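The following exercises are to be worked through with the sequence and the coordinates at hand. Each task is followed by a solution in steps.

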Amino acid sequence: MDFFSNLLHLVLLCISFSLIFLIYKQKSTRAKFPPGKKGWPVIGETLEFGMAGKRGTPEMFINDRMSKYSQELFKTSLFCENMAVFCGASGNKFLFSNENKYVISWLPPFFLKVLLPESLENFSPEDSIKIRRAVVEFLMPETLQYFIPIMDSMAKKHLETDWSPYKQVKVLPLSMKYTFALACRLFMSITDPNHVTTFADPFALIVDGLTSVPINIPGTNFNRAIKAGKVIHQELLEVIQQRKKDLLSENNATVARDFITHTLLALDENGRSVMNDLLISSNIVGLLLAGHDTTSSAITFVLKYLADFPHVYNEVLKEQMEIARSKGPNDLLNWDDIKKMKYSWNVAREAMRLIPPSSGTFREAITDFTYAGFTIPKGWKAYWTPHSTHKNPKYFPNPEKFDPSRFESNGPAPYTFVPFGGGPRICPGREYARLEILVFMHNVVTRFKWEKAILDEKITCKLSPIPVDGLPIYLKPHNHIY
């Protein structure tokens with residue numbers, strides 16, 4: 001009797017599992033995935049995505065698929081991952097508003113292999129939160145206001161040394177040199193040009209490697225990028241160790257209060273350090289990468305548009321000269337001066353609308369969810385991009401026109417102008433970038449007028465968009481005296 005009873009239970013159990021499987025299969029069959037195509041096996045549409053950037057038209061990859069499939073959402077396959085691309089203001093709002101509920105931040109594994117030490121390649125969400133919190137706390141307004149005079153003095157010295165002696169310069173490499181040196185000064189208190197170079201040279205290799213085919217064999221850009229990442233982390237760990245020694249010394253009151261010191265002194269509720277040396281190092285790599293690429297790209301294209309539109313340049317010059325004439329001969333810029341640069345910031349924002357310094361970022365679905373009537377399964381990746389809104393006539397009439405007045409009064413509608421993202425994951429360095437751009441604008445326009453040496457210079461994209469020849473310009477120094 002026991003045998004037949006057990007057999008019956010086994011049959012009933014098999015039937016139950018079969019029903020569960022059929023229900024699951026029926027449910028998955030009914031799931032309505034976003035429209036679109038995944039392209040080639042394994043690589044998907046990664047090549048098309050990369051080529052659009054290389055041609056300087058990353059928005060075409062997005063716009064073509066929005067026109068073909070949906071203005072709200074489409075699927076593709078990038079970096080060997082199923083990808084849902086969220087489009088328009090509502091798509092941006094949805095992703096920005098549902099961080100940690102439906103999605104979390106994600107980067108392609110080959111990015112992590114280059115940017116993180118080997119022991120942190122599978123770092124936890126808690127580590128990610130620690131890294132972001134440290135940056136947010138360090139870049140608070142009360143800290144940033146003390147950066148402004150340093151930014152101003154360094155911009156003056158940079159222009160005097162690397163611009164004034166020459167009749168023609170290339171804006172991109174010089175803006176990279178300035179923004180990277182400034183980042184080294186403010187985040188690590190490194191001022192020696194040779195020491196700065198020990199970081200800058202490997203960073204150039206990293207950028208080349210992150211935008212290449214990720215094949216890790218000797219001689220490839222990707223392999224060189226991995227080696228460069230190791231060099232940078234080793235150098236950073238030495239700096240951090242030295243800073244620890246300085247803090248333990250009797251004269252620790254004179255230790256620089258930069259990002260390294262800030263994180264070393266940050267303690268949790270139990271009095272323990274909130275981050276280990278490797279996390280601090282990884283944090284600085286992210287800050288330096290932004291200083292090396294995105295901000296320098298933004299500055300470069302601001303100067304491009306000021307050359308293209310003399311009437312815009314004249315208005316910026318007028319605003320900046322009023323500030324300059326209000327200062328003493330040795331006075332440096334301060335927070336109040338920055339607040340007066342309203343038109344200049346509108347110009348910078350319009351430049352970033354037309355040529356965003358970042359093409360967007362990725363998320364990972366942590367649960368199944370629906371958007372616009374479509375199912376996004378757990379494990380899929382999501383992507384948002386400013387290219388779905390910045391030149392969309394629905395949000396910006398006559399979108400190809402350079403028009404800083406778009407940002408007057410209330411400015412663009414929410415979630416349409418997103419060069420820094422939005423929501424809980426909005427770029428923590430956005431205010432730092434604003435100060436850096438405005439301080440540089442002030443110094444360059446009050447010292448020079450300029451003309452482009454190449455009228456129709458092409459644009460390409462690496463991590464950020466760049467002019468292919470570096471934006472060579474002819475300098476025309478002003479004769480005025482404040």
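**Exercise 1. A nonpolar patch**

Ile43 is located in the loop between helix 1 (2–30) and helix 2 (46–54). The model is a predicted one.

Task: Determine whether Ile43 is buried or partly exposed, and state which residues make the nonpolar surface patch.

Solution.
Step 1. The relative accessible area of Ile43 is 35%. Buried would require a value under 20%, and exposed a value over 50%; Ile43 is therefore partly exposed.
Step 2. The patch is made by Trp40, Val42, Ile43 and Leu47, and its area is about 460 Å².

**Exercise 2. An open sheet**

Task: Give the strand order of the open sheet of 3 strands, and state which strands stand at the edges.

Solution.
Step 1. The order is 4-12-9, and the pairing is antiparallel.
Step 2. Strand 4 (168–170) and strand 9 (448–452) each have a single partner strand, so they stand at the edges and one side of each lacks a neighbour in the sheet.
Step 3. From one strand to the next, the twist averages 40 degrees.
Step 4. Strand 9 pairs with strand 12 (residues 472–477) over 5 bridges in the antiparallel sense. Within this sheet, Phe448 has Pro477 of strand 12 as its bridge partner.
Step 5. Helix 8 (residues 171–188) lies across strand 4 and strand 12, and its direction is at about 65 degrees to strand 4.

**Exercise 3. Buried positions in helices**

Task: Establish how many of the 10 residues of helix 4 (residues 88–97) are buried, and which strands those residues pack against. Then describe the surroundings of Leu438 in helix 17 (residues 430–445).

Solution.
Step 1. In helix 4, the buried residues are Gly88, Ala89, Gly91, Asn92, Phe94, Leu95 and Phe96.
Step 2. With 7 of its 10 residues buried, helix 4 is largely enclosed by the rest of the structure.
Step 3. The packing partners of these buried residues are strand 2 (81–86), strand 3 (103–106), strand 5 (361–365), strand 6 (369–371) and strand 8 (381–384).
Step 4. Leu438 has a relative accessibility of 0% and therefore counts as buried.
Step 5. Apart from neighbours within four places in sequence, Leu438 is in contact with Ile338, Met341, Ser344 and Trp345.
Step 6. Gln320 is 118 residues from Leu438 along the chain, and the C-alpha atoms of the two are separated by 9.7 Å.

**Exercise 4. Salt bridges**

Side chains of opposite charge can pair when their charged atoms come close.

Task: For the salt bridges Glu160 with Arg447, Asp208 with Lys462, and Lys304 with Asp308, state where the partners lie in the chain and how accessible they are.

Solution.
Step 1. The structure holds 20 salt bridges.
Step 2. Glu160 and Arg447 meet through their side chains at 2.8 Å, N to O. Glu160 belongs to helix 7 (residues 141–162) and Arg447 to the loop between helix 17 and strand 9, so this pair ties together parts that are 287 residues apart in sequence. Glu160 is partly exposed at 45% relative accessibility, and Arg447 is partly exposed at 24%.
Step 3. The side chains of Asp208 and Lys462 form a salt bridge at 2.9 Å, N to O. Since Asp208 lies in helix 9 (residues 193–210) and Lys462 in the loop between strand 10 (459–461) and strand 11 (465–467), the pair ties together parts 254 residues apart in sequence. Both count as partly exposed, Asp208 at 29% relative accessibility and Lys462 at 38%.
Step 4. Lys304 and Asp308 form a salt bridge at 2.6 Å, N to O. Both lie in helix 13 (residues 294–308), 4 residues apart, which is about one turn of the helix. Lys304 is buried, with a relative accessible area of 17%, whereas Asp308 is partly exposed at 28%.
Step 5. Glu59, Lys391 and Glu400 are joined into one network by salt bridges that share partners.

**Exercise 5. Positive phi values**

Task: Locate Tyr415 and Leu471, and classify each as buried or partly exposed.

Solution.
Step 1. Tyr415 is in the loop between strand 8 and helix 17. Its phi is near 70 degrees, a positive value in a residue other than glycine. With a relative accessible area of 30%, Tyr415 is partly exposed.
Step 2. Leu471 is in the loop between strand 11 and strand 12. Phi of Leu471 is near 55 degrees, again positive in a residue other than glycine. At 3% relative accessibility, Leu471 counts as buried.

Definitions and conventions. Residues are numbered from 1 along each chain as its sequence is written. This is a predicted model: local features need pLDDT of at least 70, side-chain atom pairs count only at pLDDT 80 or more; totals for chains, interfaces and linings use all residues. Side-chain values use heavy atoms; hydrogens and water are left out. Patches are made of residues with over 30% relative accessible area and no salt bridge: like charges are joined within 9 Å, nonpolar side chains (Val, Leu, Ile, Met, Phe, Trp, Tyr) within 5 Å. Accessible areas come from the Shrake-Rupley method with a 1.4 Å probe; for residues, only the protein chains shown count as cover. A salt bridge is a side-chain nitrogen of Lys or Arg within 4 Å of a carboxyl oxygen of Asp or Glu. Helices (H or I, at least four residues) and strands (E, at least two) are DSSP runs, numbered from the N terminus. Buried means under 20% relative accessible area, exposed over 50%, partly exposed in between (1.4 Å probe, protein chains only). Two strands pair if DSSP finds at least two bridges between them. Axes are lines fitted to C-alpha atoms, for helices over the stretch in contact, and angles run from 0 to 180 degrees between N-to-C directions. Contact means heavy atoms within 4.5 Å.
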